[in-house]
Amino acid sequence: MVSHRGRNYRVNPSATSFATVLLWAVVVVVAIAGGFGCTGFADEVRPDETSGTQPSDDGLQVAQGLYEAMVVVFEDDTPGIEVSHAERLTVISHFEAVDDGRRRRFVGRVVPVGSGIGVRITAEYQNQVGAQWEDEPREAVEQEAAPVELKMARRVERVYHRGPDAGQ
């Protein structure tokens, strides 16, 4: 039995095995495509519609370039980087205070978008409840988070295309 946010779910062992296999299949497909994560850019990795060829090493170079641009933006625009996984093309910032008893951090991932590659920046918010921190539901922070996430993703795009000195 699995418990999630006060709800209990009964999990069939064969369903768990299937779910595990399915999860690994998705992870492999996403890793091959360049990682996890929402703005679509980097036309260099789109397949050539006239020849029908797929991107090869260029896609990996673009994904790595986007990851490096994301690291630059996180170093400049957040309180610092807590976790950085080049092999997973993921960057996670340190938490920063937003209000009294409230904090946020940013999670950035290079992801496949359509037939190209882009980045997804997600702001995660927490409230302090006693000595513990509890995650705020995404639905509750969507309006607050979306503009900041988009601004950071666009900055990653500028840094990627113009270099690390791209404007704020």
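This passage describes the overall fold of the protein chain and the strand pairing around strand E7. The structure is a predicted model, in which local features need pLDDT of at least 70 and side-chain atom pairs count only at pLDDT 80 or more, whereas totals for chains, interfaces and linings use all residues. Residues are numbered from 1 along each chain as its sequence is written, and side-chain values use heavy atoms, with hydrogens and water left out.

The protein chain contains three helices and nine strands, these elements being DSSP runs (H or I, at least four residues, for helices; E, at least two, for strands) numbered from the N terminus. Along the sequence, the elements follow the pattern β-β-α-β-α-β-β-β-β-β-β-α. Of the 168 residues in the protein chain, 32% are buried, that is, under 20% relative accessible area with a 1.4 Å probe, protein chains only. The accessible surface, obtained by the Shrake-Rupley method with a 1.4 Å probe, comes to about 10600 Å², and 52% of this area belongs to carbon and sulfur atoms.

Strand pairing, which requires at least two DSSP bridges between two strands, links E7 (residues 102-113) in antiparallel fashion to E5 (residues 90-93) through three bridges, with Ile92 having Val107 of E7 as its bridge partner. Strand E6 (residues 96-99) also runs antiparallel to E7 and is joined to it by three bridges; here Ala97 stands opposite Arg103 of E7. Two residues separate E6 from E7 in a hairpin, in whose turn Gly101 has a positive phi of about 80°.

On its C-terminal side, E7 pairs with E8 (residues 116-129) in the antiparallel sense over 12 bridges, and Arg102 has Asn127 of E8 as its bridge partner. These two strands, E7 and E8, likewise form a hairpin with two residues between them, and Gly114 in the turn has a positive phi of about 60°.

Conventions
Buried < 20%, exposed > 50% of the residue type's maximum accessible area, 1.4 Å probe, protein only.
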